[in-house]
Amino acid sequence: MTISAPGKLMLFGEHAVVYGHPCITTAVDSRLTATIEPTDDGKVTIDAPGVSDTRFVDGAIALATTQWHIRHNGFRLSTRSPFSGCYGFGSSSAVTVATLKALAGLGHADIDDRKLFDAAYNIVLSIQGTGSGFDVASAVFGRTLYFVAGGKVIEPLAVGEIPLVVGYTKVKSNTVDIVNTVAGKRDTYPEKVDRIFLGIAKIVDQAKEKMLSGDWERVGRLMDFDQEYLRDLGVSSEKLEALIAAAKGAGAWGAKLSGAGCGDCMISLASPDKRKAVEEVIIKAGGEVVHVTPNAAGVRFETTDDQDEMFVVVDRNDNILGYKTRRECHHDPSLIHRTVGVIIYDGKGRVLLQKRSMTKDMEPGLWGISAAGHVTRGQTDDEAVRRELQEELGIDVPLTFVKKFITVNDQESERAALYRGVSDGPFRPEASEVSDIKFFEPREIKLLTASKSLPMTKAAEQTLHEVGIL
Ligand code: MEV
């Protein structure tokens with residue numbers, strides 16, 4: 001199973017947000033992934049090449065096992081990140097969120113986004129000792145958020161396309177150090193610093209309103225005002241100022257630093273006709289243009305199943321009504337679509353079950369019947385069932401048609417055509433589809449499912465009922 005979480009950019013309100021004021025953050029489509037595979041060897045192996053500080057992954061594993069009671073018999077976790085180590089896109093938060101979500105998936109735990117945010121924020125805060133949590137919120141919820149520290153407010157903003165141009169200073173910032181320096185300044189000059197924060201908070205609220213109405217020119221001006229405050233706070237730098245001035249000189253509506261400051265990225269807003277010129281001057285001023293799309297989706301499950309594959313949609317009597325994609329069929333129970341399934345028995349009458357791979361889009365890691373799959377456009381049931389048997393188990397044996405029936409759950413409705421066959425193997429299970437296969441006595445299946453020791457797909461349960469095994 002692979003989970004991906006987006007990076008983030010702070011649009012307005014950095015630093016002030018640490019002191020209880022709001023900010024606006026957007027998720028960017030540069031995504032960190034965490035892949036988890038059960039190993040059944042009792043060991044936990046971590047492969048996280050881009051993650052310099054493994055405490056976030058370790059913290060996520062500790063929390064999932066102690067607080068969410070995720071039970072496992074060993075797993076391998078690998079993370080990959082296109083943005084760790086630079087840009088300030090929030091790799092620590094993204095890796096914490098993606099790892100927690102992957103562990104919840106491994107343990108089939110029902111963890112909603114709010115619970116995921118609270119858990120990830122606790123981990124990040126306990127390691128960093130400071131931080132508002134806006135980066136965690138971006139990784140979990142994605143999109144563009146109006147956010148108050150600790151998740152007191154997490155409000156998605158329905159903004160249109162944000163005409164953002166991002167420049168990297170090629171200087172890495174240390175957020176914790178900078179936040180601590182600002183805290184020191186506030187201790188020494190509380191009134192001055194709190195006045196700056198109040199000014200920033202006002203800008204955030206105005207920016208929210210202008211972003212919602214799509215007035216990007218005005219949002220750009222507000223970026224300039226926010227930058228003035230940040231400059232006063234002492235968190236800008238020569239390099240940031242050079243890129244900001246260059247962008248403004250090339251016609252950007254506004255520009256500011258993004259995040260802790262002193263390095264990392266600057267952001268600017270520019271009309272489509274000015275975009276190229278702004279990008280060119282950022283490079284000329286010694287920066288690097290970072291191409292990202294804002295307003296990206298939050299943490300999500302990534303699948304190897306082709307979501308655009310066309311399925312056959314039928315009525316309750318199996319008459320073809322039309323064709324719809326896998327994506328559509330799997331989210332709309334009114335679309336009954338054709339599936340085929342096979343139960344393979346061995347010479348002793350035992351039943352072959354398969355454990356679905358963790359990259360399946362539906363019910364990953366659960367046990368199913370011997371082989372099953374969808375009927376795609378232009379295929380007959382007989383063709384589809386032979387293909388599934390070949391693809392999933394690597395066998396070709398004579399099959400007998402058993403019956404047709406309809407299965408329904410919250411997410412989808414299937415018209416199943418069930419077949420049976422006999423084989424003692426050898427089997428060659430396809431790793432992307434199947435993670436394990438095993439023969440069971442029919443009696444054993446009944447006992448194991450009754451004691452909940454054989455987590456099974458809903459469709460498999462219904463199929464085994466149809467043939468009297470359950
Ligand atoms: C850092 O990217 C943004 C800060 O406001 C810190 C935080 O909100 O955690 C400086």
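Strands, as I shall use the word, are DSSP runs of E at least two residues long, numbered from the N terminus. With that settled, the loop between strand 1 (2–12) and strand 2 (22–38) is the place of His15, and this residue is where I should like to start. Please bear in mind throughout that the structure before you is a predicted model.

His15 has a phi near 70°, which is a positive value in a residue other than glycine. In general, most residues other than glycine have a negative phi. His15 also belongs to the group of residues around the ligand. A polar backbone atom of His15 lies 2.8 Å from an oxygen atom of the ligand.

Let me turn to the rest of the ligand site. Which residues accompany His15 around the ligand? From the early part of the chain there are Lys8, Glu14, Val17 and Val18. The others are Gly131, Ser132, Phe134, Thr175, Val179, Gly259 and Ala260. Ser132 deserves separate mention: an N or O atom in the side chain of Ser132 is 2.6 Å from an oxygen atom of the ligand. On its own, the ligand has 300 Å² of accessible area, and the protein covers 95% of it. Sorted by class, the shell comprises five nonpolar residues, five polar residues and two charged residues.

I now move to the helices. Two packed helices are described by the angle between their axes and the distance between the axes. Helix 1 (residues 55–66) packs with helix 2 (residues 91–106) at an angle of about 30°, and their axes are 9 Å apart. Because angles under 35 degrees count as roughly parallel, helix 1 is roughly parallel to helix 2. Their crossing is right-handed.

Helix 1 also packs with helix 3 (residues 113–128), here at an angle of about 135° and with the axes 10 Å apart. That angle makes helix 1 oblique to helix 3. Helix 1 passes helix 3 in a right-handed crossing as well.

How are helix 6 and helix 7 oriented to each other? The axes of helix 6 (residues 190–212) and helix 7 (residues 216–233) cross at roughly 165° and come within 9 Å. The two helices are therefore roughly antiparallel. In this pair, helix 6 passes helix 7 in a left-handed crossing.

I close with a feature of the backbone. The peptide bond from Gly425 to Pro426 is cis, with omega near 5°. In general, most peptide bonds are trans. Pro426 is found in the loop between strand 19 (413–422) and strand 20 (434–440).

Notes: Residues are numbered from 1 along each chain as its sequence is written. This is a predicted model: local features need pLDDT of at least 70, side-chain atom pairs count only at pLDDT 80 or more; totals for chains, interfaces and linings use all residues. Side-chain values use heavy atoms; hydrogens and water are left out. A residue is near a molecule or strand if one of its heavy atoms lies within 4 Å of it. A polar contact is a pair of N or O atoms within 3.5 Å; within protein, one must be able to donate a hydrogen and the other to accept it, and residues adjacent in sequence count only if both atoms are side-chain atoms. Accessible areas come from the Shrake-Rupley method with a 1.4 Å probe; for residues, only the protein chains shown count as cover. Ala, Val, Leu, Ile, Met, Phe, Trp, Tyr, Cys and Pro count as nonpolar, Asp, Glu, Lys and Arg as charged, and the others, Gly among them, as polar. Axes are lines fitted to C-alpha atoms, for helices over the stretch in contact, and angles run from 0 to 180 degrees between N-to-C directions. Helices (H or I, at least four residues) and strands (E, at least two) are DSSP runs, numbered from the N terminus. Angles under 35 degrees count as roughly parallel, over 145 as roughly antiparallel, 65 to 115 as roughly perpendicular and the rest as oblique. A crossing is left-handed if the near helix is turned anticlockwise from the far one by less than a right angle, and right-handed if clockwise.
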